[in-house]
Amino acid sequence: MSSKKSSSKKVMTTGAGVPVADNQNSMTAGPRGPVLMQDYQLMERMAHFNRERVPERVVHAKGAGAYGTFTVTNDITKYTRAKLFEKIGKETEVFLRFSTVAGEKGSADTVRDPRGFAVKFYTEEGNWDMVGNNTPVFFVRDPLKFSDFIHSQKRHPQTGLRDATMQWDFWSLSPESLHQVTILFSDRGIPATLRHTNGYSSHTFSLWNDKGERYWVKWHFKTQQGIKCMSNDEAAKLAGDNPDFHTQDLFESIEKGEYPRWTVNVQVMPEKDAETYGIHPFDLTKVWPHADYPLIEVGVLELNRNPVNYFAEVEQATFEPGNLPPGMGPSPDKMLQARILSYPDAHRYRVGVNYQGVPVNKPRCPMHTYHRDGQTRFDDNGGVSPVYQPNSFGGPADDASYREPPLKISGDADRYDHRDGNEDYSQAGALFRLISDDQRRLLIDNIVAAMQGVPQDIQIRQIGHFYKADHAYGEGVAKGLGIDIASVTHEAA
Ligand code: NDP
């Protein structure tokens, strides 16, 4: 609702445009009722109201978003032909949606949770959706475990409550989660505001150039506001006083003209390096150390325009990791491969099959598809243009000049143990050793607080993982929980 008053008088109508004479009183047989069935206006309003909510997202339900601009500041055309990077100074419109992961749509903003960081770049060759998080890694590396992981973080089947035992049981049985668990319980686990957090593609993607050369890449969006975090106490207080604190902060900053900015960087690995690099380059639980693949600056992303209607623009926004314009591509990362299916699948269920036609999702460039019909079709449905391809009537046709370079793959189709040859401890340990003494104490305190009431066998199993990452890490958590570290090392042995 605009806070600005308008003097122009508009006559209210039904959805069919028929002027409404009375929107205060239902039509009744006599002043005391009953209500007449022919009161179309009443029926229409009640029926529409009943259908106002679309299903909420299974994950990332609570969100805040804004439009902005991406501006190229450095030339990366040797890696990619993607037009949005074609010259320094080039601007592309974007829409960014932040979200928490586990909570429902009305849940508090200031919880300890990763934050979704999903950016839609409306490029002239179609949308690029960078559907990332504010952490560079994830809890699982095989998509078969995704729904199990989310179930463990959502509500208990009997109590309907979030449940620390389910959470730590899953994590302790899934050591690949340790790196992300360490980030989640570090100071960065609760950002002070959405403006004070980074964004990461987390997955490895690819770029390819006009010569058909491919590079593996990871995207990093570094906040220019600086990283700022929130303590557990402050977050708990705000969750009661103002559960929409982050949403409000983002909206009001932009209204005031305080536009948040992120420096966009990319790590670039030549295609061949992936065969010999010591770290599995497509493992979502791992980063590429900066010393191996330094960040290359690409541009600046600024948020500078609030949506006008939350439902139309933030709730109906749909992002797909598979939206990759020419010059960009996916990688073999198994989690990414599965997300390429699951995101549009969720949108078809939640928003409807024509979700790409909703204005916030619609590309700013022309779109020529053979998709026709389906619910909620609000454009001309392709008019008289051909509905099949090939055709002799000038319908859109494919163009081989956009072809992505072929990717060599090999191996027998099988179910490979994703834990074989993938160790889960060194990067979590590196992070523990990198942060300050105060941050380490905070990390341990946060974990100890979150593990209260969890059965001791699960605590011991999880402390074993902390201990393997760094002895001081395991010892600190064990001490905080009153557990003898000898029982942990005995169990681990
Ligand atoms: P570097 O010393 O080059 O980088 C360390 C990075 O750690 C920093 O740049 C910062 O990332 C990040 N960091 C600092 N404090 C925290 C925190 N509390 N929670 C999460 N991240 C934090 O070392 P490496 O590149 O060798 O990486 C060492 C460890 O740093 C990794 O094991 C990983 O846990 C973490 N890290 C690495 C990233 C990478 O892409 N290499 C990205 C993020 C974390 P940033 O600059 O992005 O703010």
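**Exercise 1. Threonine 123**

Task: In this predicted model, determine which backbone atom the side chain of threonine 123 reaches, and at what distance.

Solution. Step 1: the partner is the backbone oxygen of glycine 126, at 2.6 Å from the side chain of threonine 123. Step 2: place the residue. Threonine 123 belongs to strand β3, which covers residues 115-123. Step 3: classify its exposure. Buried means under 20% relative accessible area, and threonine 123 has 4%, so it counts as buried. Step 4: list the surroundings. Leaving out residues up to four places away in sequence, threonine 123 touches Leu84, Thr92, Trp128, Pro325 and Cys365.

**Exercise 2. Threonine 69**

Task: Find which side chain makes a polar contact with the side chain of threonine 69.

Solution. Step 1: the contact is with the side chain of asparagine 304, at 3.2 Å. Step 2: threonine 69 sits in strand β1, residues 63-72. Step 3: its relative accessibility is 17%, and therefore threonine 69 counts as buried. Step 4: beyond four places in sequence, threonine 69 is in contact with Glu91, Thr92, Val94, Val300, Leu301, Glu302 and Asn304. Asparagine 304 thus appears both as the polar partner and in the contact list.

**Exercise 3. The ligand shell**

Task: Describe the residues around the ligand, and state which helix gives the most to the shell.

Solution. Step 1: there are 20 residues around the ligand, of which His179, Arg188, Tyr200, Lys222 and His290 come nearest. Step 2: sort the shell by type. It divides into 10 nonpolar, seven polar and three charged residues. Step 3: assign elements. At least two shell residues come from each of α4 (178-184), β7 (214-223) and α9 (426-434). With four residues, α9 gives the most. Step 4: go through polar atoms close to the ligand.

- An N or O atom in the side chain of arginine 188 is 2.9 Å from a ligand oxygen.
- A backbone N or O atom of tryptophan 288 lies 3.0 Å from a ligand nitrogen.
- A polar side-chain atom of aspartate 187 is 3.1 Å from a nitrogen of the ligand.

Step 5: assess coverage. On its own the ligand has 770 Å² of accessible area, and the protein covers 80% of this.

**Exercise 4. Methionine 269**

Task: Is methionine 269 buried or exposed, and what does it touch?

Solution. Step 1: the relative accessible area of methionine 269 is 0%, so the residue is buried. Step 2: methionine 269 is part of strand β8, residues 261-270. Step 3: apart from residues up to four places away in sequence, methionine 269 touches Tyr215, Trp216, Ala274, Tyr277, Pro281, Trp288 and Tyr293. Tryptophan 288 in this list also places a backbone atom 3.0 Å from a ligand nitrogen.

**Exercise 5. Nonpolar cores**

Task: Identify which helix supplies the largest share of the largest nonpolar core.

Solution. Step 1: the largest core holds 40 residues, and Trp168, Trp171, Ile447, Phe466, Tyr473 and Val477 have the most contacts inside it. Step 2: at least two core residues come from each of α2 (146-153), α3 (164-172), α4, α9, α10 (437-450), α11 (456-469) and α12 (471-480). Step 3: the largest share, five residues, is from α11. Step 4: inspect one hub. Isoleucine 447 touches Trp168, Phe185, Phe466, Tyr473 and Val477, with residues up to four places away not counted. Step 5: a second, separate core has 35 residues, including Phe70, Trp128, Met130 and Met328. Step 6: return to α9. Its buried residues include Leu431 and Phe432, and the buried residues of α9 pack against α4, α10, α11 and α12.

Note on methods:
Residues are numbered from 1 along each chain as its sequence is written. This is a predicted model: local features need pLDDT of at least 70, side-chain atom pairs count only at pLDDT 80 or more; totals for chains, interfaces and linings use all residues. Side-chain values use heavy atoms; hydrogens and water are left out. A residue is near a molecule or strand if one of its heavy atoms lies within 4 Å of it. A polar contact is a pair of N or O atoms within 3.5 Å; within protein, one must be able to donate a hydrogen and the other to accept it, and residues adjacent in sequence count only if both atoms are side-chain atoms. Accessible areas come from the Shrake-Rupley method with a 1.4 Å probe; for residues, only the protein chains shown count as cover. Ala, Val, Leu, Ile, Met, Phe, Trp, Tyr, Cys and Pro count as nonpolar, Asp, Glu, Lys and Arg as charged, and the others, Gly among them, as polar. A nonpolar core is a set of buried Ala, Val, Leu, Ile, Met, Phe, Trp, Tyr and Cys residues joined through side-chain atoms within 4.5 Å. Buried means under 20% relative accessible area, exposed over 50%, partly exposed in between (1.4 Å probe, protein chains only). Contact means heavy atoms within 4.5 Å.
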